[in-house]
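Colleague: Take me through this one, please. I want to know what each label rests on.

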Amino acid sequence: LTSITIPNNVTSIGDEAFYRCESLTSVTIGNSVTSIGDYAFYSCKGLTSVTIGNSVTSVGSSAFSGCSKMTSITIPNSVTSIGVMAFSGCSGLTSVTLGKNLTSIGDYAFSSCNKIQEVTAYMPTPPAATTCGLNQTVCTLYVPAGYISTYSNTLWWEDFASIRAIDADYVVTFVDWDGTVLASVGVAAGEAATAPADPTREGYTFIGW
């Protein structure tokens with residue numbers, strides 16, 4: 001088996017469904033599938049292309065673990081959770097795109113994925129994450145314009161080496177009197193930046209930016 005298309009009348013992919021199908025190179029998951037089971041594509045070492053349908057809400061534990069030839073993965077907006085070690089050992093991954101409704105990323109979901117250089121996160125609220133396994137010191141994180149400060153002050157996400165705005169022409173930084181960065185906001189050309197709450201300092205009255 002070298003390629004598989006899951007048809008639209010299928011609603012779920014069971015645990016270990018394609019476990020160690022090492023000649024499999026291409027997978028297209030239909031738009032009726034809502035869940036991908038644990039170890040569903042575990043150690044499919046030849047897999048290079050994966051298209052996840054737009055009804056999938058969960059990616060199971062170790063679902064794509066060991067798929068070492070994948071270079072990129074896009075998690076659609078329908079997905080709310082990524083399981084433990086879901087993409088661990090995907091050593092060829094260089095970029096990851098996360099849909100806007102993702103709320104949790106399991107432990108070690110991207111462990112041993114040391115080539116990832118870019119993570120694009122469309123979620124306005126950072127998902128719960130603690131030990132995802134990413135090497136954040138070499139990754140650039142792209143987030144929605146206006147939410148740089150949110151990610152910069154959220155546990156785990158704050159450790160990315162660089163956090164930038166998606167499709168922003170400028171980044172406006174608001175700095176307090178003592179140099180403290182109060183907010184960094186991505187702004188499109190011709191638009192106004194949204195200021196944070198007015199800063200306070202004893203003995204002084206704030207009159208404007």
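Modeller: Start with one residue pair: Ile75 stands opposite Leu98 in E9. Keep in mind that the model is predicted.

Colleague: What makes E7 and E9 a pair of strands?

Modeller: Two strands pair if there are at least two bridges between them. E7 and strand E9, residues 95-98, have four, and they run parallel. The cut-off is met, so they count as paired. Ile73 belongs to this ladder too, with Val96 as its bridge partner in E9.

Colleague: What do E9 and E11 share, and in which sense do they pair?

Modeller: Four bridges, in the parallel sense. Leu98 has Ala121 as its bridge partner in E11. Leu98 also faces Ile75, which stands opposite it.

Colleague: How many bridges join E11 to E12?

Modeller: Three, between residues 118-121 of E11 and residues 140-143 of E12. The two strands run parallel. In this pair, Glu118 stands opposite Thr140. At least two bridges are needed, so this is a pair as well.

Colleague: Which strands make up the open sheet of five, and in what order?

Modeller: The order is E7-E9-E11-E12-E13, with parallel pairing.

Colleague: Why are E7 and E13 called edge strands?

Modeller: Each of them pairs on one side only. E13 covers residues 162-165. From one strand to the next, the twist averages 15°.

Colleague: What does E7 show on its two faces?

Modeller: Ile73 and Ile75 lie on the covered face. Ser72 and Thr74 lie on the uncovered one. E9 alternates too: Val96 and Leu98 point to one face and are buried, while Ser95 and Thr97 point to the other and are not. In a regular strand the side chains alternate between the two faces of the sheet.

Colleague: Where does Pro76 sit?

Modeller: In the loop between strand E7 (72-75) and strand E8 (81-82).

Colleague: Is Pro76 buried or exposed, and how do you know?

Modeller: Its relative accessible area is 12%. Buried means under 20%, so Pro76 is buried. Beyond its neighbours up to four places away in sequence, Pro76 touches Ile52, Gly53, Asn54 and Gly99.

Colleague: How far apart are the C-alpha atoms of Pro76 and Leu155?

Modeller: They are separated by 24 Å, with the two positions 79 residues apart along the chain.

Colleague: What makes Ser62 count as buried?

Modeller: The cut-off is again under 20%, and Ser62 has 5% relative accessibility, so the label holds. Ser62 is in the loop between strand E6 (58-59) and E7. Neighbours within four places aside, Ser62 is in contact with Tyr39, Tyr42, Val84, Met85 and Ala86.

Colleague: What fraction of the chain counts as buried?

Modeller: Of its 209 residues, 41%. The chain has one helix and 15 strands. Its C-alpha atoms fill a box of roughly 70 × 30 × 25 Å along the principal axes.

Colleague: Which strands form the open sheet of three?

Modeller: E1, E3 and E5, in the order E1-E3-E5, with parallel pairing. The edges are E1 (3-6) and E5 (49-51), as each pairs on one side only. Neighbouring strands here are turned by 0° against each other on average, direction ignored.

Colleague: How do you know that E3 and E5 pair?

Modeller: Three bridges link E5 with E3, residues 26-29. At least two are required, so the pair qualifies. Thr28 stands opposite Thr51 of E5.

Colleague: What makes an empty space a cavity, and how many are counted at 30 Å³ or more?

Modeller: In a cavity the probe fits but cannot get out. One is counted at 30 Å³ or more. The largest cavity holds about 50 Å³. Among its lining residues are Val96 and Leu98, along with Trp156, Trp157 and Phe160.

Colleague: Which classes make up the cavity lining?

Modeller: It has 10 nonpolar, no polar and no charged residues.

Colleague: And what about the largest pocket: how much space lies in it?

Modeller: About 180 Å³. A pocket is an open set of points. Its lining includes Asp176, Arg201, Thr200, Thr205 and Trp209. By class that lining has six nonpolar, two polar and two charged residues.

Definitions and conventions
Residues numbered from 1 in each chain as written. Predicted model: local features only at pLDDT ≥ 70, side-chain atom pairs only at ≥ 80, totals over all residues. Heavy atoms only, no water. Buried < 20%, exposed > 50% of the residue type's maximum accessible area, 1.4 Å probe, protein only. Contact = heavy atoms within 4.5 Å. 1 Å grid on protein atoms, 1.4 Å probe; cavity = no way out; pocket = protein on both sides within 12 Å on 5 of 7 lines; lining within 4 Å. Points joined across faces, edges and corners; volume = space filled by probe spheres on them. Nonpolar A, V, L, I, M, F, W, Y, C, P; charged D, E, K, R; others polar. Axes fitted to C-alpha atoms, helices over the stretch in contact; angles between N-to-C directions.
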